[in-house]
Every structure is written in C-alpha cells, then in structure tokens.
Amino acid sequence: MALYILRRIALSIPALLGLILLTFVLSRVVPGDPAATLAGDAATPAQIAQIRAQYGLDRPILEQAVIHVRQVLSGDLGNSIFSGRPVAEEIWQRLPATLELTFVALFLATLLGIGLGLVAALDHNGPLDHLVRVVSVGGLAIASFWLAIMLQLQFSMEWNLLPLRGRLDVALGQVPRLTGFMLVDTLAIGRFDLFLDALRHLALPAFTLALPGLATIARFTRSGVLEVLQKDYVLYARAAGYGRFRLAAIYVLRNAVTVTVTQVGLLFGALVSGAVAVEAVFDWPGLGTYAVQAILSADYKALLAVTLVIGVVYAVVNVAVDVAQAIIDPRVADQ
Amino acid sequence: MMHRLLRCARLVLLLAAAPLMASAQTAPRPLVWGDTLPATLDPHAIFDVPSQFILLNVYDGLYRYQGNPPRLEPWLAESHTVSADGLTWEFTLRAGAKFHDGSEITAEDVVYSFRRLLAMRRAPAAAFTPVLTAEAVTAVNPRTVRFVLSRPYAPFLSALPLVAVVNPRVLSQHVAGDDWGSAWLAANSAGSGAYRVNATNYQPRVSLDLERFPEHFSGFAGNPRPIEAVRVRPVLETSTRVLALLRGEIDATDSYLPADQVERVDRNPGTRVARDESMRVFVIRMNNQRPPFDNHDVRLCLAHAFNYEGFNNVVLRGFVARNAGPNPNNLWGNPENLAPYAFDLARARTHCDRARAAGVDLSRPLEIHVQNELQQTTQAAQLFQSDLRRIGINLRIVPNTWPNITSATARAETTPDMWIHWVSTYFVDPENWIGQMYDSQFHGTWKASSWYSNPRVDTLLRAARESLSQEERQRLYAEATALVVADSPDIWVYNTVNLRGLSRRVSGYSFSPVGSGGEVRLMSLEN
C-alpha cells in the first residue's frame, strides 16, 4: 500500500511542474499590461515603463519563465502586482473561506446524493426513482448563478430567514483568526451564537454549490447500486432472508460506492475551482472572488498563484481518492 | 399542498433561527458601507475612485474639496502664498493637528510625504512629476512648507488634495529596502484622518474596519453625533448589493446604482437614493490616427449617429445630464452656448457619403471595445450598433477589460478603433479633462487615447496650464474646447448623476464629485 501511495504522489509532481510552466506562458501571452494597471489611472508612459522594468516585465519571456519557476519551487509566489503584498499571504487569507464552503457543500452533496441515489435504486422505476431523477436533472441543469439569486429572494428577502451575503453579521463583533475556518474559530473562542450565525451564512452558498454535485453523486450511486443488486451474492443474501435495507446497508452500498468515491474526489476539485459564481453572488471572500479581481486587474502573479493552489488541491485530492479506493477495494492497489 | 409544505418549512426554519435572530437584533449596528475598496491602502501607491474613500477618511491633505460644486478649502494648511512668477508656493500649517499616534503634524512630515510620493512615482505623482522634484519641497520652519516648481503650473493647487500626509515616525519602522514602507502601508495606516484603520481585521478588497479618531483637528464640527465605527464590506454583484441594502445588511451601495433600481430602492420604506450631479463624463473614444477615423467627415458622421436622447432618457431613465464637450457641463472653462451634437441620421449619412466620395473606405467592420463588467458600456455600444447599421456601417462589439484596453492605448497601432469609458474627477480643473485628453504630449496614456493632434489646441492648453490668471485660463480653455468639439475627435455623451442607495438611518450624507460622498465624518446614524 505504501509503495502504491508513493507512486501516486510521484506521478503528481511532473503534472504540477507542467501546470506552473503552462499557466505562466498563458498568462503572459494574453493581452493586458499589468504595469499599466499598477501605475494607475493618471500614469504617464514613462511611469509605466519604469514599473515594467522594476518588475522584470521587460525581460524576454523565457527568462521570466525561468525566474518564475525558480521562485515557485523555492516557495515564493511573489508579490501581488496590484496590492504590493505577498500573494501567498493574500491566498492564505482567502483559502480557508473557500475550503470551508467546499467542505460543507461536499458534505451536503455526498450525504444527500448517496441517500437519494440509494433510495432511487431501491425503488427502481417507482415514484421515488422518478422524483430523484427530476432532482438530478434539475440540479445539473440549473445555473448556480440563477439558483443563488432565487434562494436569496426566497430565504432572505421573502421569508427573512437566512442572511443574504458574507460570512458573519457585522453587528455581532469580530472573530479572531485562528484557522480562518469560521465554524472552527467561533467554537474555539466559545461563542456558540457566532458559530450558529456562521452556519446560517453558510447555508445558502453551500446548498447552491452542492446541488450539481448532489445530482451527480445521486446518479452514480443509483446506477452503482442497481448494478450490484443484480449480482448473485445479493440474490443469495436475499434468499438467506436479509431485509431490503439491511442488505443495502451491509452488502450493496460498500460495493456500489467505489465509483461514487472517485466522483466525490473529482467534485472536490471542481467545487474549489468552480465556486466563482457562488462566491460572487454571496460575497464569499474566497479564492473565487480573488481570482475574479485578479483577472479584472490583470494581476498575473495572483492569478498564477490561484491556479497553482487549485492544481495542488486537485493533485492532493486525486492521491486521496486513489488511496480511499484502495482501502475500500484492496484489489485496486494490487493492479 | 405545495403552499402548506412551504409554510411548514418556513415555520421550522423560523423556530431554528429565532434565538439567533434575537441576538443579532439587540446588538447596535455600525455603519456598513457597501462600496468598493481599493487594492491597497497606501494613499501614495494608487489613485482611483475607491482609493478616495481612504484618502478622505483615514488621511488629510493640505487642501480638500468639499460640497458640490466642489470648493477647494484649506485643510491641514490654514493658508498659502504664491510668488508673482507662480513658481514658489508656501503653505502655513494649522496648529494642533495630530496623527493617530498623537504626534503633531509638522512641515517636515509634509515634506516627507511629498518626497515619498515623488520617489515612488506611482499614480498620484503624475500630477506633480513634470513640475516638482523632491529637493524642491522643503520645510521653512515647523509650520511652513515651501514648494518651488520648475515652471508655472496653474492646476498645482487643484491637484494638492490628491496627496495624503503620512506619518514618517510610524512608517520608518516598517521600511523594507527602498520600498518607503509601501508593503506595510498597503494593509495598515499612518494617517491623521477622522477615522483610523483597525488593521487586525483588514482583508484586501473584502473588509475594512474603521474607528473614529476623536482628536481629529476638525473636532467633527457641525456633526453632534459622529459615527463611531464603520465596516466597509464591498458587495461584488449589483443584484446582491441592492438586496443587501433593502434588507438592511448594508447602509450604502456604491454611487453607480443602476437606473432601473432607483424606483425600487426609493419605494422601500427604509431606503432612499441620493442623486447628485457629478463631474464624470461618459465618452466614446475614436482612434483619430487610424483610418477611417482620421477623416473629419467620418467622425462627424459617427457623432451624429449616436442616439443621445434614447440612451440618456430611455436606457438610463434620465438619471444623467447631456454633456456637450470633454469638460463636465458644471465646470468652468466651457464656451458659452456650446451646442452638443444631435442625433440626426440624415446628417450622419451626408457626412459618411462625403467621406466615401473622398475615397474613404467604410466597408470594413469598425470595432468598439466595451468593459465587460460595466453593463452601460455594452448598452451604449448595442444602441450605436443598431443605428449605424441603418446608415450602412457595421459595428462589431468587442468585450474587454479595463487593464487590457488601457495597456493597448499605449500605442496608436494597438489602440482600438473605438472604446467607451468615463473620465472621473481626480482634481477639479479643466486640466483633468480637456488638458490631459487632447494635448498631444499625453499621447500614450489612456486619457489621450483618441490620439488627437491639433497644434493650435496644444498651444492653448499649454498656455492655460501655465497661466496665473483665472480669466485668461477660462478664455483659453473655452477656445480650446470649441476647437476640439468642432474637430469631433470623440463622442461625449453625458455627465454622470451619481446614484447612491442609502439606508434612511444615515443622515448628513454630503456629496462631492471628489470622493463621491464617501466622507463619513459628516454623517450620523440612527440605530
């Protein structure tokens, strides 16, 4: 197993190196002059040229690429060309918000998705199966931007139940940053009222983000369970007198969710990188909104760092998924 | 059935949320300002509309604009003198003004601030670098600062409010290499303004907390109930911004509320819309050095083909004021009875036909670049596209971003055929508009991106820049404006009426085109 894990990690390294180079080249060939943006509204051409030289933007692109790779490998992501602050620091401030939102969304998607998929399979072609199908198709088809606004209108404006935006009510005071995860930090300082407020702020963005994933997981679980239900051992277990739900819980689900685990892993990466629209509508101060601001201000250092962080998240999750699969089904590691 | 289910769901949620809602309601709410934050808090590193909020609330300058129309008022300086040749300016500082650390503001601090600005050479320095060197700023005594300009520069005083006075004693502890403390000041403050930054809760472009500085020299005169705490929480999406205001989560939107939301915000009992004519001109640029825009008839054709009334009165619902030339209507320096171009397709067709007869090729599609995130630029381009089609001109709309377009305007060859933007108030002088837009010495900057060149206009604008007589400057700018409008290098559409959604618990809101009404010192709050 250890060899298997090491092999998976080793395979991620060239992929990440490729990502660093590719994103750098892409960021420098698209139009847009960060020096002009940095110089500001009232800058003269001389000021822009000076900034270009100061940041090495006037050097040959190959030289810039080598410098960039060397910097990243030494752990230096550079300074934001716009705010002048270290990019790593800015990302470090934003990453927990995105991860918290992603974890909660993924938890919702997995819990509800597996549950719905199982129920649908057990009621194959029955009314519950049809209902889950409607939810799945709807979940995949509805644009998260639209859903977010609809949820805001209904739950915040119409019913006045949940907050519209942000991570915490400004009138409730400040939470010292311990981990950056609001749910953890509020509990750590013993403020349960703030914890509940953070949870209420999470509800709408997490559900919006979770819905497409929920639909995917429900579909994969349903088809996986249906396939396992056809196996001989299930038939014999049934003959031995196991009840439907006991059978499903003990024999079917574990064999059926291998594919679902892969989906959950892929979904995690997709949620981290795909939270842009949800973060924008709910003013969630995470990596998504940071990336949008970086794009609009041509802050290529920030953009490269965001891409790299998302790439690392993908790589880590991929390894974790491979390991999880090997644990659920040891035959995977032997292959 | 569905209704009953929804009602049940609502009841369950209400019960679950009840204890929390009660606790949220009992706490007093600070002012929640929903406008955009700048990328950095360093007042010498950047100058754009969001950074003015920091400049006005966290820092002080020698002079400051107040009210609408803006009056230039002594601020940290109580008076000034200027030599007969217009080169030597001396400012006397008011006594007793203090930085947030309690130390008194002296002439040396002003000198340090200007030297830092000039050394960093970032955006706000652009107004001074052509006429001022670091050595030319000196402290005559602890309360007198002297500036010696290399040549007369009439907008000098108008541009002074751009410069924040920073505290060198605080900054010197955070200098890294030759950065003048810029990395530290990006997320902290070293000012003397009516509010100070709580740096522990600052997150760039996400949240900024300000606390009142009770020892501010103004003494918060005229405001018996100044606001103690401000929470700046920018709201990215327009839809969320409006909903957050209506729901009371924020007390103010930005000052560019979409026209179609005005009625909705006004109708809501707890909110209102402040409408204030600003000095921010909406302009459609044309690259005058690229065919077919190098032909005067083509430019006139296009200027008569834009449906000004339809755009201003229907699309923008009349919440703007038609503007005839490059300077805002409400600024001095415009000729009397300056007539705006009229929407007249027959006349446009005549000019285009005349251009074609002169051999101009109008068959290629013309490109107009719009700013993706600013819907109005797209709306204007679409309206223009449909009218131009009626006179046989094909207009292609290219979505783009501000950084991309402004970097493209560095050279005439890369500047788009046409693009749309606003020119905001950086300082209140025609130099900010016609001076920097149509004097050919500014070619390569986004403001001069029509690449217009007229030697007579250059002479007039340069003379106006150096003249010490207000009457003469008025005359020179009026003549230059008349010439520019006759040449039609661009299409000037309207002067902005700023629309800011406000909670009714905010009183004392006072708009000025510099800062767009973001001076919290003047406001009060009902809790």
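**A walk through strand, helix and disulfide**

Let me begin with one pair of residues in chain B: D209(B) stands opposite R231(B), the latter in β10(B). What we are looking at is a predicted model, and I will start from this pair and work outwards.

The two strands concerned are β9, residues 208–212 of chain B, and β10, residues 229–232 of chain B, which pair in the antiparallel sense over four bridges. They belong to an open sheet of four strands in chain B, with the order β1-β10-β9-β8 and a mixed pairing. At the edges of this sheet are β1 (31–33) and β8 (195–197) of chain B, each of which pairs on one side only. On average, and ignoring direction, neighbouring strands here are turned by 25° against each other. Across β1, β8, β9 and β10 of chain B lies helix α2, residues 51–58 of chain B, and this helix runs at about 20° to β9(B).

Now let me stay for a moment with R231(B), whose place is in strand β10 of chain B. Is R231(B) buried or exposed? The relative accessibility of R231(B) is 12%, and because the cut-off for a buried residue is under 20%, R231(B) counts as buried. If we set aside residues up to four places away in sequence, R231(B) touches, in chain B, P30(B), L31(B), V32(B), W33(B), L208(B), D209(B), L210(B) and E211(B), and it also touches V170(A) and Q174(A) of chain A. One of these contacts, V32(B), is 199 residues away from R231(B) in sequence, although the two are 4.8 Å apart in space, C-alpha to C-alpha.

Staying in chain B, I turn to the disulfide. How many disulfides does a search of the whole structure find? Over all chains there is one, and it is formed by C301(B) and C352(B), with their sulfur atoms 2.1 Å apart. C301(B) sits in helix α9 (residues 296–303) of chain B and C352(B) in helix α11 (residues 345–357) of chain B, so the pair ties together parts that are 51 residues apart in sequence. The torsion about the S-S bond of C301(B) and C352(B) is about -85°, and therefore the disulfide is left-handed. Both ends are buried: C301(B) has a relative accessible area of 0%, and C352(B) has one of 1%.

Let me move on to chain A, which contributed V170(A) and Q174(A) to the contacts of R231(B). Chain A has 16 helices and zero strands, and its C-alpha atoms fill a box of roughly 85 × 55 × 40 Å, taken along the principal axes. Of its 335 residues, 51% count as buried. Among the contacts in chain A with a separation of 6 or more, 74% come from residues 24 or more positions apart.

As an example of helix packing in this chain, consider α14 (residues 287–296) and α15 (residues 300–328) of chain A, which pack at an angle of about 145° with their axes 9 Å apart. The crossing of α14(A) and α15(A) is left-handed. Which residues meet there? From α14(A) there are L287(A), Y290(A), A291(A), A294(A) and I295(A), and from α15(A) they meet A302(A), L303(A), V306(A) and V309(A). Sorted by character, the residues of this contact comprise nine nonpolar, no polar and no charged.

Conventions: Residues are numbered from 1 along each chain as its sequence is written. Chains are lettered from A and ligands numbered from 1 in the order in which they are written. This is a predicted model: local features need pLDDT of at least 70, side-chain atom pairs count only at pLDDT 80 or more; totals for chains, interfaces and linings use all residues. Side-chain values use heavy atoms; hydrogens and water are left out. A disulfide is a pair of cysteine sulfur atoms within 2.5 Å. Buried means under 20% relative accessible area, exposed over 50%, partly exposed in between (1.4 Å probe, protein chains only). Axes are lines fitted to C-alpha atoms, for helices over the stretch in contact, and angles run from 0 to 180 degrees between N-to-C directions. A crossing is left-handed if the near helix is turned anticlockwise from the far one by less than a right angle, and right-handed if clockwise. Contact means heavy atoms within 4.5 Å. Ala, Val, Leu, Ile, Met, Phe, Trp, Tyr, Cys and Pro count as nonpolar, Asp, Glu, Lys and Arg as charged, and the others, Gly among them, as polar. Two strands pair if DSSP finds at least two bridges between them.
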